[in-house]
Amino acid sequence: MADPHGFLTTDQRELPRRRPVPIRLMDYREVYEAGDPEQLRRQASRCMDCGVPFCHQGCPLGNLIPEFNDAMYRGELPRAVELLHATNNFPEFTGRACPAPCENACVLGINQPAVTIKQVEVTIVDQGFAAGLIQPMIPERITGQTVAVIGSGPTGLAAAQQLTRAGHTVVVHERDDRLGGLLRYGIPDFKLEKQHIDRRLDQMRAEGTRFKTSVEIGTDISLEELQSSFDAVIVCTGATVPRDMSIGGRDLHGVEFAMDYLVPSNRVQAGERPGPGGVESHIDAQGKHVVIIGGGDTGADCLGTALRQTAASVTTLAIGAQPPTDRSEADPWPTVPRIFEIQSSHEEGGTRRYLASTTGFAGDEEGRVVGIDVAETQFVDGRRVPTPGTEHRLDADLVLLALGFSGPESEALGLDVSDSGAFARDETYLGSTPGVFIAGDAGRGQSLIVWAIAEGRSVAAEVDRFLTGSTRLPEPVGPHDRSF
């Protein structure tokens, strides 16, 4: 519906819900429960075992989707677990945090709902762990070659596990106090409980991967020192520099980057104490009018967190128009369509506003944000600009900037940076320094978790070839692949 200022506004209370979410259930546990096994079996049976399975086109990992669907339909869990892990090191992560481009490419989706591949995937791995089918894979021999991995996100963990299983001695360096990268502190527990990370880390330790936490390369130890101690180095630091807004009032207290809000909140949920002596930067949205600028996954995580902190109101602003509810002619199958997405946080509450251009922030005499100035977006020569005469102010005690990320933190490592803002690398993932490889968002820019794991597997193959002259490790993607 349209608000009095002509903006397109969607109040989530007016949308049909997949299932009610009573306010009493607003804790930080994962919101989705395990599905009915028979229903999942029927869902797996919908897979058509296509002659050309386009779901592979949508998945950079090349997951054997028709095969593991068939295994689940037939009740063959051990075979399903084996097929799933043949291409994906961490299906418990992708099954929870990936937007499932494979489902967009499902052939069945041409004229009916696609197979719920993501749900089948996460069920396989969860049941596999419960049945004791997922065990450490100890390398048969040790090569004597050593590899340092910088960063313990999905790219770094995937590369480390592949190289450890190939017989190399791998040490993962993480600057935070706990392992997992943005999986640990960037994603709230209601989307990904951290027991899933810890369970996989236990497997990796048993396989022989070593980990060092609270070690920042470039501060605690230089990249050169790391190179002198290892035969190869892989940089998997991610793209952690947030995009900013250069408008009036940006320096007001209460206008914060999304990760400066999410990370301390996730630390508190991990058991750390907020306030003096604990998480000093913890931001509590309780009783506040919260405005989130940016309608992606990070914005949805901020929404769910603010609702759990009992914010007075939460409004999400998007500068563009509301996407259609169905695939448009401009996004033909099997491409990834731009459609209106409802995540679990959106079902829980809040208001989403579209065609909303932020023009400034208003503050009080003490320098705190009290409002946000917004105008309706219009398109002029392909640019999105505010429409004169539509300006108005929204109450805001807390503004969260969820505008994505521009690239890696590059100064400390001293590596060359490409025009895109990511670390420069060649066709073998090698960066500007000999023996230093770049993988994941650090080299390709902000992307999906499934791409992170795919690049981790691919860079492991390149490093293995660099160290031994050949490799038997899989290489699902190339460093400059942008085909899907």
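Author: Welcome! To begin with a definition, two strands pair if DSSP finds at least two bridges between them. Please also keep in mind that this is a predicted model.

Reader: Thanks! Which residue in E3 stands opposite alanine 148?

Author: Let us start with the two strands, E2 (residues 146-150) and E3, which run parallel and are joined by five bridges. Within this pairing, valine 149 has valine 172 as its bridge partner. Alanine 148 also has a residue opposite it in E3, and that is valine 171.

Reader: How does the chain cross from E2 to E3, and is this crossover right-handed or left-handed?

Author: Five bridges join E2 to E3 in the parallel sense. On its way from E2 to E3 the chain passes through helix H8 (residues 154-165), making a β-α-β unit. The hand of this crossover is right-handed.

Reader: Are the two faces of E3 covered or open, and which residues on the side of Val170 are buried?

Author: In a regular strand the side chains alternate between the two faces of the sheet. On one side of E3, Thr169, Val171 and His173 are buried. The other side is covered too, and the buried residues there are Val170 and Val172.

Reader: How many of the residues of E3 are buried, and how many of those of E2?

Author: Buried here means a relative accessible area under 20%. In E3 (residues 169-173) the count is five of the five, so this strand is largely enclosed by the rest of the structure. E2 is also largely enclosed, because its number of buried residues is four of the five.

Reader: What is the order of the strands in the open sheet?

Author: We can build the sheet pair by pair. E3 pairs with strand E4 (residues 210-212) over three bridges, and valine 171 stands opposite arginine 210 there. E2 pairs with E5 over four bridges, while strand E5 (residues 232-235) pairs with E17 over three. With parallel pairing, the five strands therefore come in the order E4-E3-E2-E5-E17.

Reader: Which strands stand at the edges of the sheet?

Author: An edge strand here has a single partner strand, so one side of it is left without a neighbour in the sheet. For E17 (436-438), that partner is E5, with valine 233 and valine 436 as bridge partners. The strands at the edges are E4 and E17.

Reader: What angle does the direction of helix H16 make with that of E5?

Author: Two helices that pack on the sheet can be followed here. H8 touches E2, E3, E4 and E5, and makes about 165 degrees with E3. Helix H16 (residues 449-468) touches E2, E5 and E17, and its direction makes with that of E5 an angle of about 165 degrees.

Reader: Which helices do the buried residues of H3 pack against?

Author: Helix H3 (residues 65-73) has Ile65, Pro66, Phe68, Asn69, Ala71 and Met72 buried. After H3 comes glycine 75, with a positive phi near 75 degrees. The partners of the buried residues are H1 (37-45), H2 (55-58), H4 (77-85), H6 (101-104) and H7 (117-130).

Reader: How many disulfides are there?

Author: The cut-off matters here: a disulfide needs two cysteine sulfur atoms within 2.5 Å. For cysteine 98, which is buried at 7%, the nearest cysteine sulfur is that of cysteine 102, 6.5 Å away. For cysteine 106, buried at 9%, the nearest is that of cysteine 50, 6.6 Å away. The count of disulfides comes to zero.

Reader: Is lysine 194 buried or exposed, and what is its relative accessible area?

Author: Lysine 194 lies in the loop between helix H9 (182-185) and helix H10 (195-207). Apart from neighbours within four places in sequence, its contacts are Leu183, Arg184, Ile187, Pro188 and Asp189. Lysine 194 is buried, and its relative accessible area is 11%.

Key:
Residues numbered from 1 in each chain as written. Predicted model: local features only at pLDDT ≥ 70, side-chain atom pairs only at ≥ 80, totals over all residues. Heavy atoms only, no water. Buried < 20%, exposed > 50% of the residue type's maximum accessible area, 1.4 Å probe, protein only. Right-handed = clockwise from strand over helix to strand, strands pointing away. Contact = heavy atoms within 4.5 Å. Axes fitted to C-alpha atoms, helices over the stretch in contact; angles between N-to-C directions.
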